[in-house]
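Trainee: I would like to take a close look at the charged side chains and the rings in this model. Could you take me through them in one connected account?

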Amino acid sequence: MTLFRRKQQVNLDEIATQPSVFDDPETAKYFLPTEKYENLHRFDPKARWTWAEELPLINKIDWKITLWACIAFFALDLDRGNLTQANTDNFLEDLGLSTNDYNLGNTVFKLTFLCAELPSQLVSKKLGPDRWIPTIMCLWSIVAASQFWLNSKETFLACRALLGLLQGGFIPDIVLYLSYFFKGTELPFRLALFWTTLKIVDIVAPIIAFGVLRLRGHRGQEGWRWLFLIEGVFTLSVGIWSWFMMAPSPTQTKSWYRPKGWFNEREETIMVNRILRDDPSKGDMHNRQAVDFKRLWKSICDYDIWPIYILGLTFGIPVGPPDQYLTLTLRNLGFDTFNSNLLSIPAQAIGIVTMLILTYLSEAWNQKALMGLFSQVWILPNIIALAVLPSSTSPWAKYVVVTVLLSYPYPHAMQVAWCSRNSNTVRARTVSAAIYNMFVQVSGIVISNIYRTDDMPEYRRGNRQLVAICAANIVIYILAKFYYIWRNKQRDREWNGMTREQQIHYLETTTDQGSKRKDFRFAH
């Protein structure tokens, strides 16, 4: 994974330590980590290390942390998305549900998922992600498996609500957890790998479903019941495994079942100092220190992050309904259950490649808004085609359009990292990760209500609405880009207008925090 660096290092014996505020004796004291910081005993601003030490260490962190995160997300999305596969096995008909009931179930799930985001993140910040994430994984897996016994609209909605409440905090918790181990420039690609898992699930899940759904009739039960049960038990096993896989921080990997820990003292020193040199704000809180109401409110009111929240609300809407209804659409086009599941795979496979490329280029070119804008430009002509193609168009032609549409470069990982970088404090990062994802879940509620029963089977009205939203997204990305350029120019005028003595005085006396500091610049 160290192949995906912005600059290829030729000489591994060169010093890898990057310049930072700690190199200036006059300013270093204003950026020191708090006494409560859990890794303080390994902080050493004079520490130096080579690329030969750092690159293998990054790979080691990836194997211990990134790989676990991807497996855990695989389990989450398997339970979160298996309703799509259940639909190909007459799930709605077996329970006597309509398309609108299905939409309501998705809306209930998204709403409860949204409501759980921030509270779960705050609990995680207090208890620690290493304790909270395995707990909620075990709890939601039990609910997921219990869907085997669904028998009515009421039980369907109840399970949707419980799954939303228990799964809601998982993603922002993981984002915060990964930020403890990776630099700001490394986080986007790790998050892209994280969301690649979502695409892999979309490839693997139909294959699993094809086998499991053939159990229809076994012990007199429908195939979709076995699908819920088997995948729920799998997630429970991952949740239990996570109790033993997660470590609180880079210097807290030892435990009774791991007496030697993952890293030696030298590796811990490199990990802690490379992270703090990249972002000193990561040392301003303990990893089990709660965010109180005052800090919470201050983070919510940080209006400079709001443009990214707005993008979280709107960016995924144009592709949401076509993706959500893909298997049902393929069935309506005349493909059987087996082919409907298999034909959903190419879009996900291509989407993995386009997402990783987009995320890598966003760091290599240091462009966030323009990369997001590109994803909407990819979507627009395909949505227009879905809205205007005549009914007589070949099913295969429609399939190609949907496949190209859903292969778009997914900018979510890039935007999560963008939000994290522009937060600039652990407190703000904790809250912004949850709020951003809450806006994404609100978009999910919108998505679940665009395709309606009276618009079946081609959903012309819905697709015209998606065209308008996609066009609006292009404008929003442009506005976000110009907003951050404007804010950075304001900061430049203020900061560069100060003398060296005035800048030092500002660092000594300022009460500004996070992204409000005059020496901070926004990524865009």
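Is Glu54 buried or exposed?

Mentor: In this predicted model, Glu54 counts as buried, because its relative accessibility is 2%, which falls under the 20% cut-off. Glu54 forms a salt bridge with Arg274, and the closest N and O atoms of the two are 3.6 Å apart. This pair links distant parts of the chain, since Glu54 belongs to helix H2 (residues 51-87) and Arg274 to helix H10 (residues 265-278), 220 residues apart. Arg274 is likewise buried, with a relative accessible area of 4%.

Helix H2 also contributes Asp62, whose side chain meets that of Arg190 in a salt bridge with an N to O distance of 2.8 Å. Because Asp62 lies in helix H2 and Arg190 in helix H8 (residues 187-212), the pair ties together parts that are 128 residues apart in sequence. Asp62 is buried at a relative accessible area of 2%, and Arg190 counts as buried at 3% relative accessibility.

A further salt bridge joins Asp89 and Arg216, with the closest N and O atoms 3.1 Å apart. Here the partners sit in loops, Asp89 in the one between H2 and helix H3 (91-95) and Arg216 in the one between H8 and helix H9 (223-245), so the pair ties together parts that are 127 residues apart in sequence. Asp89 counts as buried at 8% relative accessibility, whereas Arg216 is partly exposed, with a relative accessible area of 36%. Elsewhere, Asp302, Asp304, Arg487, Arg491 and Lys516 are joined into one network by salt bridges that share partners. In total, the structure holds 26 salt bridges.

Turning to the rings, the structure holds 33 aromatic pairs. One of them is formed by Phe109 and Phe113, a tilted pair at 5.4 Å centre to centre with 45 degrees between the planes. Both residues lie in helix H4 (residues 99-127), four residues apart, or about one turn of the helix, and both are buried. The pair of Tyr451 and Tyr459 is stacked, because the ring centres are 4.1 Å apart and the planes stand at 5 degrees; Tyr451 and Tyr459 are also buried. Ring pairs further link Trp418, Tyr483, Tyr484, Trp486, Phe520 and Phe522 into a cluster.

Charges and rings also come together in this model. Arg160 lies over the face of Phe109, at 5.5 Å from the ring centre, and the charged end of Lys199 sits over the ring of Tyr410, 5.4 Å from its centre.

Note on methods. Residues are numbered from 1 along each chain as its sequence is written. This is a predicted model: local features need pLDDT of at least 70, side-chain atom pairs count only at pLDDT 80 or more; totals for chains, interfaces and linings use all residues. Side-chain values use heavy atoms; hydrogens and water are left out. A salt bridge is a side-chain nitrogen of Lys or Arg within 4 Å of a carboxyl oxygen of Asp or Glu. Helices (H or I, at least four residues) and strands (E, at least two) are DSSP runs, numbered from the N terminus. Buried means under 20% relative accessible area, exposed over 50%, partly exposed in between (1.4 Å probe, protein chains only). Rings of Phe, Tyr and Trp (its six-membered ring) pair if their centres lie within 6.5 Å; planes under 30 degrees apart count as stacked, over 60 as edge-to-face and the rest as tilted. A charge sits over a ring if NZ of Lys or CZ of Arg is within 6 Å of the ring centre and within 35 degrees of the ring normal.
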